[in-house]
There are 2 protein chains.
Amino acid sequence: MGGDRAPDEVVAGARRAADEHGIEVVLVGRPEALPDTGGLAVLPASEVIAMGDDPGSSVRRKKDASMIRAAEAVRDGKAAAMFSAGNTGAAMASALLRMGRIKGVSRPAVATPLPIPNTTPTVLLDAGANAECQASWLVQFAQMGSAYARVRYGLDEPRVGLLSIGEESSKGTTLVKETHGLLAEVGGIRFIGNVEGRDLLTDDVDVVVTDGFSGNVALKSLEGALRCLSDAVEATLPAEAWATVAPVLEALDPEAYGGAMLLGVEGVCLIGHGASTATAVANGIAVAAELVRIDLLAALRNAVAA
Amino acid sequence: MGGDRAPDEVVAGARRAADEHGIEVVLVGRPEALPDTGGLAVLPASEVIAMGDDPGSSVRRKKDASMIRAAEAVRDGKAAAMFSAGNTGAAMASALLRMGRIKGVSRPAVATPLPIPNTTPTVLLDAGANAECQASWLVQFAQMGSAYARVRYGLDEPRVGLLSIGEESSKGTTLVKETHGLLAEVGGIRFIGNVEGRDLLTDDVDVVVTDGFSGNVALKSLEGALRCLSDAVEATLPAEAWATVAPVLEALDPEAYGGAMLLGVEGVCLIGHGASTATAVANGIAVAAELVRIDLLAALRNAVAA
């Protein structure tokens, strides 16, 4: 029920995921509000959390909301993963409250893949779940982000960078300097030191770790730059030249591309862009299924237990 | 002596500023290392702080460096402003140590104009001088940034936004929430509330206030996005179409465009891109002269005294 184009595009995407990828999809929502589901099962949920609702209070109040019921289905083993194109904060809160945390995880983090031409995306985390962080949490983000990049993108030893404002270990906030020291000591990850905002969209780093405030600022700045630059290019080029560039720039939009993943909860929870089309929904469901198949959760559990 | 193309391009730019804008330019550096100065005065300085030198220690050690002598010339009234294309941190430290702070200013901040098509730039501060900040400093950044946007871009009442990760006053870190409360109360500025990274390159805000860590992350993320996207557009377009787009995209690069300004010291200190060409140097000198002519310092003193 969540997302700007729900339920029509969401159901269409679910049907495509079933038809084209052979994935067994269970829809969660108001049965009477849904278009033809093509025979997909429907788990009834009478309430809807809107895109503009406050995540915390709506998740507490609307106990029969579709995303809460979806998270419960994962918790109860009725589903292997959840995908939502709805309110990001509410989907995260539903997953955290209903699935619970992986043992040992202090705080789950939002991991957002940043697409880059001709190479694997850079995984940025935390992209906004925890505005204020402790150094030990950032170490877990590094461990979880590394495990995610390894299983999702097939990287043997993902390069993990710490977001700062200079390459030297002496640069940055107290939090960054303390985290730098811990990451240099911890085993099981390939820590390459500090990186800067300008490194995010390069092939020089695979996982970038930061607190949820700076991570969200970086992510939104990238998105804003992409929008501004796309508009400037469109205004300059003749229509036929723009038509060749537009899809290239669209493919670089982190919002449209990836699907944010909540790392650290006891289940796979993928959140797509609010404006997800049927194609984006089908892709998101396919990614979620793939993360189950390759057992991301086991990799995350191992990573934080190491 | 500072900058990747010094001294040739710097001297050429200084000569152009004198010839085309009628500005009386004093060069500071090693007389024997300079090309033909076209009759410009030279203030001798025997040492050079290199682009890669550590700002703090080099400023303490190299007391006869060109940027130190330039800052002293401003302090002593022998020059009205300084411009450097050299090591940013060292230029800032030189200005702070030799010119001192404006009375009442807790911490100077780096203000960087972010160019936007068809409108005035957004002034972002602090873009990197103070990694960790107190709320009262951010209030002064808002006051100084507002005065800067007013006198430099002729805006009557610049709209001042506080960088956060959501529009609501409840969003962000403890620092952001505390600053939000103070900015809502303080007079003399037009505070429009929280803004996000995606608002930086829009016409919705004129001045964006944040700590030097988040500000630098945002600035570098924008620069990295512009570089990545420009490369992607160039790789897609035929050469003649790219030739029409390239100058439009170059004009959006904050590094190439603006010149960072250290707000809060007792003098005008403008720092250009390390790769500044003669044209960029001439423009930077002209901006510095204009900031003296319109008496930016008086506006800053009034702003923090209000």
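## Reading the symmetry and helix crossings

User: Before we start, what kind of model is this?

Analyst: It's a predicted model.

User: Okay. How are chain A and chain B related?

Analyst: The general idea goes like this: two copies of a chain are related by a rotation about an axis and a shift along it. Here, a turn of 180 degrees with a shift of 0.0 Å along the axis lays chain A on chain B, with an RMSD of 0.1 Å. That's the relation of a two-fold axis. The same surface serves both copies, too: 100% of the contact residues of chain A recur in chain B.

User: Now the helices. At what angle do α8 of chain A and α7 of chain B cross?

Analyst: Look at residues 239-250 in chain A for α8 and residues 212-236 in chain B for α7. Their axes come within 10 Å and cross at roughly 145 degrees. The crossing is right-handed.

User: Which residues meet there?

Analyst: From α8(A), find A:Thr244, A:Val245, A:Val248 and A:Leu249; they meet B:Leu229, B:Ala232, B:Val233 and B:Thr236 of α7(B). Sorted by class, that contact has six nonpolar, two polar and no charged residues.

User: And inside chain B, how do α1 and α10 cross?

Analyst: The axes of α1 (residues 8-21) and α10 (residues 278-293) come within 7 Å, crossing at roughly 50 degrees. An angle from 35 up to 65 degrees counts as oblique, so α1(B) is oblique to α10(B). This crossing is right-handed. Among the contact residues are B:Ala17 and B:Glu20 of α1(B), and B:Ile285 and B:Ala289 of α10(B). By class, there are eleven nonpolar, three polar and three charged residues in this contact.

Notes
Residues numbered from 1 in each chain as written. Chains lettered and ligands numbered in written order. Predicted model: local features only at pLDDT ≥ 70, side-chain atom pairs only at ≥ 80, totals over all residues. Least-squares fit on C-alpha atoms with pLDDT ≥ 70 in both. Contact = placed C-beta atoms within 7 Å. Axes fitted to C-alpha atoms, helices over the stretch in contact; angles between N-to-C directions. Helix = DSSP H or I, 4+ residues; strand = E, 2+ residues; numbered from the N terminus. Left-handed = near helix turned anticlockwise from the far one by under 90°. Nonpolar A, V, L, I, M, F, W, Y, C, P; charged D, E, K, R; others polar. Parallel < 35°, antiparallel > 145°, perpendicular 65-115°, else oblique.
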